[in-house]
Amino acid sequence: MDESQAFELERVVAAARDSLTDEMVSRLSATVADGMDLLDRVNRSGVSGALPAISQLVANGDLERLVALARTYGAAQDAMTDEMVSRLAETVAESLSLIDRMNRAGLDRLVGSLERLAVVLERTMGALEAANKEMKAQPAAGGGLGGLWQLMREPESQESLRFLLAFGREFRKRSG
């Protein structure tokens, strides 16, 4: 650096020193001290370890979505009046009470019975459909006393008739 540049630099420093007031110096030193304190707290809190995750959130847009979600939550919270909160709490309490009364009344047993009935009906309908298909696949009955005699000689036919007769008797007893 030559002598003229050094002289210019010295004049600039002197002018800056002359223009700084005591208040400006104290504010500048307070700002620097606050900045150093903030950096110290950041280092102690471990925020530096979270910076890669925060960078990734920013890069893929998740941070923006989180901010939007927080704004939505805040708007909903601001929009709810005390009356709305009270009515919502009342609705939840009444719903829980209704569920409790239904449990005490044995609704769970009724649902269990209905489930078992549905299984029995499904099996019955399946058996009826299968029997219907089987009957359609077989040749038509020849008819007459000979065909009836041959059918009645089969033990399976006799057991089926006995079952249907017992079922009919029980059904009439319970229906009437």
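Colleague: How many helices does the protein chain have, and how many strands?
Modeller: Keep in mind that this is a predicted model. Read along the sequence, the pattern of the protein chain is α-α-α-α-α-α-α-α. That fits the count for the chain: eight helices and zero strands.

Colleague: What radius of gyration does the protein chain have?
Modeller: Start with the C-alpha trace, which spans about 140 × 50 × 30 Å along its principal axes. For a compact globule of 176 residues we would look for a value near 16 Å. The protein chain instead has a radius of gyration of 45 Å.

Colleague: What percentage of the residues of the protein chain count as buried?
Modeller: To count as buried, a residue needs a relative accessible area under 20%. The accessible surface of the protein chain comes to about 16,100 Å², and 62% of that belongs to carbon and sulfur atoms. Of the 176 residues, the share that counts as buried is 2%.

Colleague: Let's turn to the rings. Which residues form an aromatic pair that is stacked?
Modeller: The count comes to one aromatic pair. Its ring centres are 6.0 Å apart, with 25 degrees between the planes. Planes under 30 degrees apart count as stacked, so the label fits the pair formed by Phe167 and Phe171.

Colleague: Why are Phe167 and Phe171 separated by about one helical turn?
Modeller: Both residues sit in helix H8, which covers residues 155-175. They are about one helical turn from each other because, along that helix, their spacing is four residues.

Colleague: Is Phe171 buried or exposed?
Modeller: Its partner Phe167 has a relative accessible area of 49%, which makes Phe167 partly exposed. The cut-off for exposed is over 50%. With a relative accessible area of 53%, Phe171 is exposed.

Colleague: Now for the pockets. Which helix supplies the largest share of the lining of the largest pocket?
Modeller: The largest pocket holds about 330 Å³ of space. Helix H6 (107-137), helix H7 (144-153) and H8 each supply at least two residues of its lining. Among the lining residues are Ala131, Met152, Ser157 and Leu164. The largest share, five residues, comes from H8.

Colleague: How do the residues of the lining of the largest pocket divide into nonpolar, polar and charged?
Modeller: Glu134, Gln138 and Leu161 are among the residues that line this pocket. Glu counts as charged, Gln as polar and Leu as nonpolar. Taken over the lining of the largest pocket, the division is six nonpolar, three polar and three charged.

Colleague: Which helix gives the most to the lining of the second largest pocket?
Modeller: This pocket has a volume of about 250 Å³. Its lining includes Met135, Pro139, Gly147, Leu148 and Glu154, and divides into six nonpolar, four polar and one charged. The most, four residues, comes from H7.

Colleague: Where is the place of Glu154?
Modeller: Glu154 is one of the residues that line the largest pocket, and Glu154 is also in the lining of the second largest pocket. At 39% relative accessibility, Glu154 counts as partly exposed. Its place is in the loop between H7 and H8.

Colleague: What distance separates the C-alpha atoms of Val92 and Ser160?
Modeller: Val92 lies in helix H5, residues 82-104, and is partly exposed, with a relative accessible area of 44%. Ser160 is among the residues lining the largest pocket. Along the chain, Val92 and Ser160 are 68 residues apart, and their C-alpha atoms are separated by 55 Å.

Conventions:
Residues are numbered from 1 along each chain as its sequence is written. This is a predicted model: local features need pLDDT of at least 70, side-chain atom pairs count only at pLDDT 80 or more; totals for chains, interfaces and linings use all residues. Side-chain values use heavy atoms; hydrogens and water are left out. Rings of Phe, Tyr and Trp (its six-membered ring) pair if their centres lie within 6.5 Å; planes under 30 degrees apart count as stacked, over 60 as edge-to-face and the rest as tilted. Buried means under 20% relative accessible area, exposed over 50%, partly exposed in between (1.4 Å probe, protein chains only). On a 1 Å grid over the protein atoms alone, a cavity is a set of points where a 1.4 Å probe fits but cannot get out, and a pocket is an open set with protein on both sides within 12 Å along at least five of seven lines; lining residues have an atom within 4 Å of a point. Grid points are joined across faces, edges and corners, and a volume is the space filled by probe spheres set on the points. The radius of gyration is taken over C-alpha atoms; the globule rule is 2.2 Å times the number of residues to the power 0.38. Accessible areas come from the Shrake-Rupley method with a 1.4 Å probe; for residues, only the protein chains shown count as cover.
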